[in-house]
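Colleague: I would like to learn how to read the features of a model such as this one, beginning with how residues face each other across a sheet. Could you take me through them in turn?

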Amino acid sequence: NENPSVTLDVKSYTDCRGPASYNMKLSEKRGKSVIDYLVGKGVSVSRIHAQAFGESNPVNKCVDGVPCTKAEYALNRRTISTVTE
């Protein structure tokens, strides 16, 4: 709020478990939760650009058909917020 020229990119992901269409919707909900939080803190929604990626772009080898631990799956369930100007 102190820097009104700053914008935020919000990118949300899921792990690969479940159907891809469900995971896309889940990542959309994950991003919306971040947006709702920021708006609740007074950030204008016009300064936030959100994208949902579902199960694409995993940070590790955990893709469909590859067995992984709970901790490995958890790494792919994430939202990355980047400050831009």
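Colleague: Which residue stands opposite Leu8 in strand 3?

Modeller: In general, strands of a sheet pair through backbone hydrogen bonds, either parallel or antiparallel. Here, Leu8 stands opposite Val83 in strand 3, and Leu8 also stands opposite Ile48 in strand 2. Helices (H or I, at least four residues) and strands (E, at least two) are DSSP runs, numbered from the N terminus, and two strands count as paired if DSSP finds at least two bridges between them. This is a predicted model, in which local features need pLDDT of at least 70 and side-chain atom pairs count only at pLDDT 80 or more, whereas totals for chains, interfaces and linings use all residues. Residues are numbered from 1 along each chain as its sequence is written, and side-chain values use heavy atoms, with hydrogens and water left out.

Colleague: How many bridges join strand 1 to strand 2, and in which sense do strand 1 and strand 3 pair?

Modeller: Strand 1 (residues 7-13) runs parallel to strand 2, with five bridges joining them, and one such bridge has Lys11 with Gln51 of strand 2 as its partner. Strand 1 and strand 3, by contrast, pair in the antiparallel sense over seven bridges. The three strands therefore form an open sheet with mixed pairing, in the order 2-1-3. Strand 2 (48-52) and strand 3 (78-84) stand at the edges with a single partner strand each, so one side of each has no neighbour in the sheet. Direction ignored, neighbouring strands of this sheet are turned by 15° against each other on average.

Colleague: Where does helix 1 lie with respect to these strands?

Modeller: For such angles, axes are lines fitted to C-alpha atoms, for helices over the stretch in contact, and the angles run from 0 to 180 degrees between N-to-C directions. Helix 1 (residues 20-40) lies across strand 1, strand 2 and strand 3, and runs at about 150° to strand 1. Along the sequence the chain follows the pattern β-α-β-α-β, with two helices and three strands.

Colleague: How should I read a charged residue such as Arg78: is it buried or exposed?

Modeller: Burial is judged by relative accessible area, where buried means under 20%, exposed over 50% and partly exposed in between, with a 1.4 Å probe and protein chains only. A salt bridge is a side-chain nitrogen of Lys or Arg within 4 Å of a carboxyl oxygen of Asp or Glu. In the charge assignment, Lys and Arg count as positive and Asp and Glu as negative, while His and the chain ends are not counted. Arg78, which is found in strand 3, is buried yet has no salt bridge, the nearest side chain of opposite charge being Asp15, 9.6 Å away.

Colleague: Which backbone oxygen does the side chain of Arg78 reach at 2.6 Å?

Modeller: A polar contact is a pair of N or O atoms within 3.5 Å; within protein, one must be able to donate a hydrogen and the other to accept it, and residues adjacent in sequence count only if both atoms are side-chain atoms. The side chain of Arg78 reaches the backbone oxygen of Asn57 at 2.6 Å, and the backbone oxygen of Asn76 lies 3.1 Å from a polar atom of that side chain. Contact in the wider sense means heavy atoms within 4.5 Å; leaving aside neighbours within four places in sequence, Arg78 is in contact with residues including Lys11, Tyr13, Arg30 and Val59.

Colleague: Where is Thr14 found?

Modeller: Thr14 is found in the loop between strand 1 and helix 1, and counts as buried because its relative accessibility is 3%. A polar atom of the Thr14 side chain lies 3.4 Å from the backbone nitrogen of Glu55.

Colleague: How many salt bridges does the structure hold?

Modeller: As a general idea, side chains of opposite charge can pair when their charged atoms come close. The structure holds four salt bridges, among them one between Arg17 and Asp15 (3.0 Å, N to O). Arg17 is partly exposed, with a relative accessible area of 41%, whereas Asp15 counts as buried at 6%. Asp15, Arg17 and Arg77 are linked in a network of salt bridges. Another salt bridge joins Glu72 to Lys61, with the closest N and O atoms 3.8 Å apart. That pair links distant parts of the chain, eleven residues apart, with Glu72 in helix 2 (residues 70-76) and Lys61 in the loop between strand 2 and helix 2.
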